[in-house]
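Subject: Structure handover and notes

Dear colleague,

I am passing on the structure we spoke about, together with my notes on it. Please have the model open beside this message as you read.

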Amino acid sequence: MNLTKRFTFAVAILSLIIVGSCSRSVTRVDPNQTIDISGRWNDTDSRQVSKDMISDVMSRPWLPNFENSKNKKPVVIVGGVINKSHEHIEAETFIKDIEREFINSGKVRVVENDQFREQLRAEQQSQQTNASEETQKRIAQELGADFIMFGTINSTVDELKKEKLVNYKINLELADLETTEKVWIGDKEIKKYIKN
């Protein structure tokens, strides 16, 4: 084998090795399946925490007290959830999980928070000049919220060499928008032991 053929053969082998080392496998999985790869906060944590905490808030006295005094379902707005943990957590995803659990309970009505409310108002305003009169949606007909929920996500980390213990603590509060009275405070913890 001359030098040129040897060089071509070596390049071919090297190319096969590089391609083989860069190959990636992608598998579709059930979105509800719990898969922990890094040990960080993930979609399963968000769903589980929102489910447990909304289940708790819906079982507390503020709800029947309001229903009995007002004879209607309370209107709730989910305000901000501030991430104070050590890692990036997409608060919007968590807020959507909370809103979904509220709505699916069938016991409260949920209105948009300020992030999306402005988009709705812009669309309503646009309809006043661009939509036919019979299909225009009236402005200033929004459903006023009775209660607002907000909270924080905190975490503590304890680690040594290849072991790590992460404790997430989620605090949520529900307050009466008219009186500012706190009618419910809840917390939920998730502890993860990670060994590399």
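What follows goes through the sheet, the helices around it, and then a few individual residues.

Please keep in mind throughout that this is a predicted model.

The sheet

The strands form an open sheet of 5 strands in the order β2-β1-β3-β4-β5, and the pairing within this sheet is mixed. β2 and β5 (182–195) stand at the edges, where each has a single partner strand, so one side of each is left without a neighbour in the sheet. From one strand to the next the twist averages 25°.

Going through the pairs, strand β1 (residues 75–83) runs parallel to strand β2 (residues 109–111), and 3 bridges join the two; within this pair, Val-76 stands opposite Val-110 in β2. β1 also pairs with strand β3 (residues 147–160), again in the parallel sense, over 6 bridges. Two places can be used to check the register of that pairing: Ile-77 stands opposite Ile-148 in β3, and Ile-82 stands opposite Thr-152 in β3.

The antiparallel sense appears where strand β4 (residues 163–176) pairs with β5 over 13 bridges, with Tyr-168 standing opposite Ile-190 in β5. The hairpin of β4 and β5 has 5 residues between the strands, and in this hairpin Thr-180 takes a positive phi near 65°.

Helix α4 and its surroundings

β1, α4 and β2 together make a right-handed β-α-β unit. Glu-99 has its place in helix α4 (residues 91–105), and how buried or exposed is Glu-99? Its relative accessible area is 8%, and because buried means under 20%, Glu-99 counts as buried. Not counting residues up to four places away in sequence, Glu-99 touches Val-78, Val-110, Val-111 and Asn-113. Val-110 therefore appears twice in this account, as a contact of Glu-99 and as the residue of β2 that has Val-76 opposite, while the burial of Glu-99 rests on its relative accessible area of 8%.

α4 also packs against α2, at an angle of about 40° and with the two axes 9 Å apart. An angle that is not under 35 degrees and does not reach the range of 65 to 115 counts as oblique, and α2 and α4 are therefore oblique to each other. Their crossing is right-handed. On the α2 side the contact is made by Ser-46, Arg-47, Val-49, Ser-50, Lys-51, Ile-54 and Val-57, and on the α4 side by Thr-93, Phe-94, Asp-97, Ile-98, Arg-100, Glu-101 and Phe-102.

The loop between α1 and α2

Trp-41 lies in the loop between α1 (3–22) and α2 (43–57), and Asn-42 lies in that loop as well. Trp-41 is buried, with a relative accessible area of 12%, and Asn-42 is buried too, with a value of 16%.

Which residues does Trp-41 contact, leaving aside its neighbours within four places in sequence? The list consists of Ser-46, Val-49, Glu-87, Ile-89, Phe-94, Tyr-168, Ile-170, Ile-190 and Lys-192. Among them, Ser-46 and Val-49 of α2 and Phe-94 of α4 also take part in the contact between those two helices, and Tyr-168 and Ile-190 are the residues that stand opposite each other in the pairing of β4 and β5. With the corresponding sequence neighbours set aside, Asn-42 touches Ile-35, Asp-36 and Lys-192, so that Lys-192 is listed for Asn-42 and for Trp-41.

For orientation, Trp-41 and Gly-106 are 65 residues apart in sequence and 28 Å apart in space, C-alpha to C-alpha. Asn-42 and Val-110 are 68 residues apart in sequence and 25 Å apart in space, also C-alpha to C-alpha.

Backbone angles in two other loops

Asn-71, in the loop between α3 (62–70) and β1, has a positive phi of about 55° although it is not a glycine. Ala-140, in the loop between α5 (114–130) and β3, is likewise not a glycine and has a positive phi, near 60°. Asn-71 is exposed, with a relative accessible area of 70%, and Ala-140 is exposed with a relative accessible area of 70%.

With best regards

Terms used. Residues are numbered from 1 along each chain as its sequence is written. This is a predicted model: local features need pLDDT of at least 70, side-chain atom pairs count only at pLDDT 80 or more; totals for chains, interfaces and linings use all residues. Side-chain values use heavy atoms; hydrogens and water are left out. Buried means under 20% relative accessible area, exposed over 50%, partly exposed in between (1.4 Å probe, protein chains only). Contact means heavy atoms within 4.5 Å. Two strands pair if DSSP finds at least two bridges between them. Helices (H or I, at least four residues) and strands (E, at least two) are DSSP runs, numbered from the N terminus. A crossover is right-handed if, with the strands pointing away from the viewer, the path from the first strand over the helix to the second runs clockwise. Axes are lines fitted to C-alpha atoms, for helices over the stretch in contact, and angles run from 0 to 180 degrees between N-to-C directions. Angles under 35 degrees count as roughly parallel, over 145 as roughly antiparallel, 65 to 115 as roughly perpendicular and the rest as oblique. A crossing is left-handed if the near helix is turned anticlockwise from the far one by less than a right angle, and right-handed if clockwise.
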